[in-house]
Amino acid sequence: MLVGYSSSSGGGSSPEDEDSEAAAATPQSRPRKRRDEDDDGTVGGTDGLPAKKKKPKTEEQLPKTRLPVPGCLLSMFPDEVDPETEDNSLHDGRVRSFKHERGNWATYVYLQYHPEEGFGDLLEKLLSAAGARGVVLTRQEEFHLSLSQTVVLRHHWIQPFTRSLRATLTHCKRFVCSAGRLKVYCNAERTRTFLGMEVSTGHGHAQLLDLIRVVDRTMAEFRLDTFYEDPSFHVSLAWCVGDVMEPMKEFIQELQSLIDDHEEGPFVLRLDCTELRCRTGNKTFHFILEP
């Protein structure tokens, strides 16, 4: 919005101003019309050329302003207008495996674990025991079993990628797997350490390998990294910043005893594999497995 400002310092006119205004009103002081200017405001050349209209000053003074983008359009592309920050302090000290870039979506495939009764209390005991040994662990916000590495998808790849994944999973059947052995893991960059519960051989391990082969076909189709050659399937329970694998290995058996000596016998984490999920950026795709 344009706002006009007055250049005078007071509300009234000074005597000098009044004299000037009176002088301007006299016929003698009226500006003389140019020789080549007509009464209608056009200017014509003396050589007989067509007259040109004078451009009004108001048009010349109009500012060129850019119209704002409507909020409803901005909200359609949250990754474009609100990019994720690289400030580690906003992620509990976690460091990205790869730099965030506009249009790149971190993507991974997994099976969701829904905690059963008694799991929460047992996990608190594990965290307390680790803390007593000098390792402060943070509970996972959600629990899952990874079926792929975390890869980067361009935004325009998301639809064909998920379509390919859905097609390859058409004949995959649901199953149950279980885990009961604690194990310490560290990411490739050695920036985070995890306490996980590993799926034992023979407890759904073969079916998980079948799923990996299916997921890897889609990864290879888009020239993305496939899963590890000798995978250790596990559900991560908690994590901490840095590489503390060796200190944790020194008391992992103490933590395992809390699992084995559970109130109603050894605690076994049971994972009902009824659907596979793919998370890419802030979107989650669900793929129901066959009964």
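## Helix H6 and alanine 167

Helices here are DSSP runs of at least four residues, numbered from the N terminus. By that reckoning, alanine 167 belongs to helix H6, which covers residues 158–168. Keep in mind throughout that this is a predicted model.

Is alanine 167 buried or exposed? With a relative accessible area of 51%, alanine 167 is exposed, since the cut-off for that label is over 50%. Along the chain, alanine 167 and phenylalanine 287 are 120 residues apart, yet their C-alpha atoms are 9.9 Å apart in space.

## Salt bridges

The structure has 9 salt bridges. One of them joins arginine 279 to glutamate 142, with 2.8 Å between the closest N and O atoms. Arginine 279 is in strand E11 (residues 275–280), while glutamate 142 is in the loop between strand E4 (138–139) and strand E5 (143–146), so this pair ties together parts that are 137 residues apart in sequence. Glutamate 142 is partly exposed, at 24% relative accessibility.

Another salt bridge brings together the side chains of aspartate 243 and arginine 190, at 3.1 Å from N to O. Here both partners come from loops: aspartate 243 from the one between strand E9 (234–241) and helix H8 (245–249), arginine 190 from the one between strand E7 (175–186) and strand E8 (192–199), so the pair ties together parts 53 residues apart in sequence. Both ends are partly exposed, with aspartate 243 at 39% relative accessibility and arginine 190 at 41%. Then there's the bridge between aspartate 272 and arginine 270, at 3.3 Å from N to O. Aspartate 272 is partly exposed at 43%, and arginine 270 is partly exposed too, at 46%.

## Aromatic pairs

On the aromatic side, the model holds 9 pairs. Tyrosine 108 and tyrosine 110 make a tilted one, with 5.2 Å between ring centres and 35° between the planes. Tyrosine 108 is buried at 16% relative accessible area, and tyrosine 110 is buried at 0%.

Phenylalanine 119 and phenylalanine 143 meet edge-to-face, 5.1 Å centre to centre with 80° between the planes. What does this pair tie together? Phenylalanine 119 lies in helix H5 (residues 119–132) and phenylalanine 143 in strand E5, so the contact links parts that are 24 residues apart in sequence. Both phenylalanine 119 and phenylalanine 143 are buried. They also belong to a cluster linked by ring pairs, made up of Tyr113, Phe119, Phe143 and Phe267.

## Strand E9 and its neighbours

Why is strand E9 described as largely enclosed by the rest of the structure? Because 6 of its 8 residues are buried, meaning they fall under 20% relative accessible area. E9 has antiparallel pairings with E8 and with E4: 7 bridges join E8 to E9, and 2 bridges join E4 to E9.

For a couple of specific positions, methionine 197 stands opposite valine 235 in E9, and threonine 138 has tryptophan 239 of E9 as its bridge partner. Tryptophan 239 has a charged companion as well: the charged end of arginine 192 sits over its ring, 4.9 Å from the centre. If you're tracing side chains along a strand, remember that in a regular strand they alternate between the two faces of the sheet.

## Helix H7

Helix H7 (residues 205–221) includes histidine 205. How far does H7 reach from its first C-alpha to its last? With 17 residues, H7 reaches 25 Å, close to the 24 Å expected at 1.5 Å a residue. Its buried residues are His205, Leu208, Leu211, Ile212, Val214, Val215, Asp216, Thr218 and Met219.

Histidine 205 is buried, with a relative accessible area of 17%. Leaving aside residues up to four places away in sequence, histidine 205 touches Val199, Ser200, Pro231 and Phe233. Just after H7, arginine 223 takes a positive phi of about 55°.

Technical notes
Residues are numbered from 1 along each chain as its sequence is written. This is a predicted model: local features need pLDDT of at least 70, side-chain atom pairs count only at pLDDT 80 or more; totals for chains, interfaces and linings use all residues. Side-chain values use heavy atoms; hydrogens and water are left out. Buried means under 20% relative accessible area, exposed over 50%, partly exposed in between (1.4 Å probe, protein chains only). A salt bridge is a side-chain nitrogen of Lys or Arg within 4 Å of a carboxyl oxygen of Asp or Glu. Rings of Phe, Tyr and Trp (its six-membered ring) pair if their centres lie within 6.5 Å; planes under 30 degrees apart count as stacked, over 60 as edge-to-face and the rest as tilted. A charge sits over a ring if NZ of Lys or CZ of Arg is within 6 Å of the ring centre and within 35 degrees of the ring normal. Contact means heavy atoms within 4.5 Å. Two strands pair if DSSP finds at least two bridges between them. The expected span of a helix is 1.5 Å times one less than its number of residues.
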